[in-house]
Amino acid sequence: MNTEEIQQQKEQVQQIWKKRPLIISGPCSAESEEQIMETAIGLAKTGKVDVMRSGIWKPRTRPGSFEGIGVKGLPWLQAAKKATGMLMAVEVATPKQVENALEFGIDILWIGGRTTVNPFSVQDIADALRGVEVPVLIKNPLNPDLELWTGAVERIDRAGIKDIGLIHRGFAVYGNTEYRNPPMWHLAIEMKMRYPELPFIADPSHICGNREGLLGVAQRAIDLDYDGLIIESHCTPDVAWSDAKQQVTPAQLEDILNHIVWRKEDK
Ligand code: PEP
Ligand code: MN
């Protein structure tokens with residue numbers, strides 16, 4: 001990117017970062033150029049999505065699952081951005097991933113729940129971000145530990161990142177529960193109160209683990225004054241390579257967003 005393009009990107013990111021509600025959507029994982037483009041066009045058509053998310057590197061709990069397409073997928077996101085104007089967000093878990101994502105002009109980075117649990121990993125990411133101007137969203141750690149979440153915020157903040165946001169993705173528990181990751185709203189709200197100035201975004205997809213619960217959880221978050229939503233979407237969710245059960249089509253996403261009763265000031 002030349003200097004003018006970098007300046008343009010900064011301005012666009014700043015404008016979107018302040019938007020309420022901030023709506024982020026896109027596939028759990030980038031799988032192919034066609035899947036990214038078709039999903040991006042579907043999302044852009046709704047006119048309701050500000051940022052497209054796509055997992056390029058996927059830290060999976062167990063080996064043998066799809067671990068992400070890797071660097072090869074980054075040009076697909078560039079093309080999707082060019083075609084739709086949506087900002088692109090990617091999960092990063094290592095300094096090399098930070099470097100690659102920035103090299104391909106990714107607009108927003110996020111730290112996943114499996115990384116926030118590890119202070120050394122978060123510190124490595126923070127060190128790679130020193131001197132860089134990019135918004136970073138930090139998901140809660142898998143376990144219900146607000147100190148770990150807070151520690152991650154402090155590490156990224158001390159690296160000089162100005163725009164930090166929080167994503168509430170629910171907390172892992174053992175055994176079958178109504179939710180894939182119970183929201184434990186009281187904990188999330190305590191975190192929100194610790195950092196009232198940071199955008200606080202709900203992730204109904206990873207909280208629910210299914211499609212049916214998405215609207216209810218999204219509505220609850222909006223009622224609790226969250227600043228935005230991140231919801232997984234895919235052009236053909238049933239055959240998605242990861243998190244197939246919880247992803248929705250762009251049209252289903254639009255329907256969910258249309259059914260939410262928004263705060264008056266957001267209408
Ligand atoms: C994801 O966003 O696809 C993801 C893996 O989420 P989490 O880190 O919340 O499990
Ligand atoms: Mn996912």
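This is a short talk on the fold, two helix pairs, a ligand site and a few backbone details of one protein chain.

Hi everyone. Before anything else, please keep in mind that what we are looking at is a predicted model.

Let's begin with the whole chain. If you trace it from end to end, you will pass eleven helices and eight strands. Along the principal axes, the C-alpha atoms fill a box of roughly 50 × 45 × 40 Å. Is that what a compact globule would give? Let's take the radius of gyration: for 267 residues, a compact globule would have a value near 18 Å, and this chain has 17 Å, so the two agree. As for the inside, 43% of the 267 residues count as buried. There is also a nice number about how the chain meets itself. Take the contacts with a separation of 6 or more: residues 24 or more positions apart account for 73% of them.

Now to the helices. Two packed helices are described by the angle between their axes and the distance between the axes. We have two pairs to look at.

The first pair is α4, residues 95-103, and α6, residues 119-129. Their axes are 8 Å apart, and the packing angle is about 35°. The crossing is right-handed. Which residues make the contact? From α4 they are P95, V98 and E99, and from α6 they are D124, I125, D127, A128 and L129. Sorted by class, that gives five nonpolar residues, three charged ones and no polar ones.

The second pair is α7 and α8. Here the axes come within 11 Å and cross at roughly 35°. This crossing is right-handed. On the α7 side the contact uses L146, W149 and T150, while α8 brings L187, E190, M191 and R194. By class, there are four nonpolar, one polar and two charged residues.

Let's stay with T150 for a moment. You will find T150 in helix α7, which covers residues 146-158. Is T150 buried, exposed or partly exposed? It has 14 other C-beta atoms within 10 Å; being buried takes 20 or more and being exposed takes 12 or fewer, so T150 is partly exposed. Compare its position with that of G131: they are 19 residues apart in sequence, and their C-alpha atoms are 21 Å apart in space.

Next, the ligand. Which residues are around ligand 1? They are C28, G55, G112, G113, R114, K139, R169 and H206. This shell divides into one nonpolar, four polar and three charged residues.

Last, some backbone details that you can look up on the structure yourselves. The peptide bond from R20 to P21 is cis, with omega near -10°. P21 belongs to the loop between α1 (3-17) and β1 (22-26).

Then there are two residues with positive phi. M184 is not a glycine, yet its phi is positive, about 45°. M184 sits in the loop between β6 (164-168) and α8 (185-194). Because M184 has 17 C-beta neighbours inside 10 Å, it counts as partly exposed. The other one is D225, also not a glycine, with a positive phi of about 70°. D225 is placed in the loop between α10 (214-223) and β8 (228-232). Since D225 has 11 C-beta neighbours inside 10 Å, it counts as exposed.

That's my tour. Thanks for listening, and do turn the model around on your own screens.

Notes:
Residues numbered from 1 in each chain as written. Chains lettered and ligands numbered in written order. Predicted model: local features only at pLDDT ≥ 70, side-chain atom pairs only at ≥ 80, totals over all residues. Helix = DSSP H or I, 4+ residues; strand = E, 2+ residues; numbered from the N terminus. Near = placed C-beta within 6 Å. Nonpolar A, V, L, I, M, F, W, Y, C, P; charged D, E, K, R; others polar. Rg over C-alpha atoms; globule rule 2.2 N^0.38 Å. Contact = placed C-beta atoms within 7 Å. Axes fitted to C-alpha atoms, helices over the stretch in contact; angles between N-to-C directions. Left-handed = near helix turned anticlockwise from the far one by under 90°.
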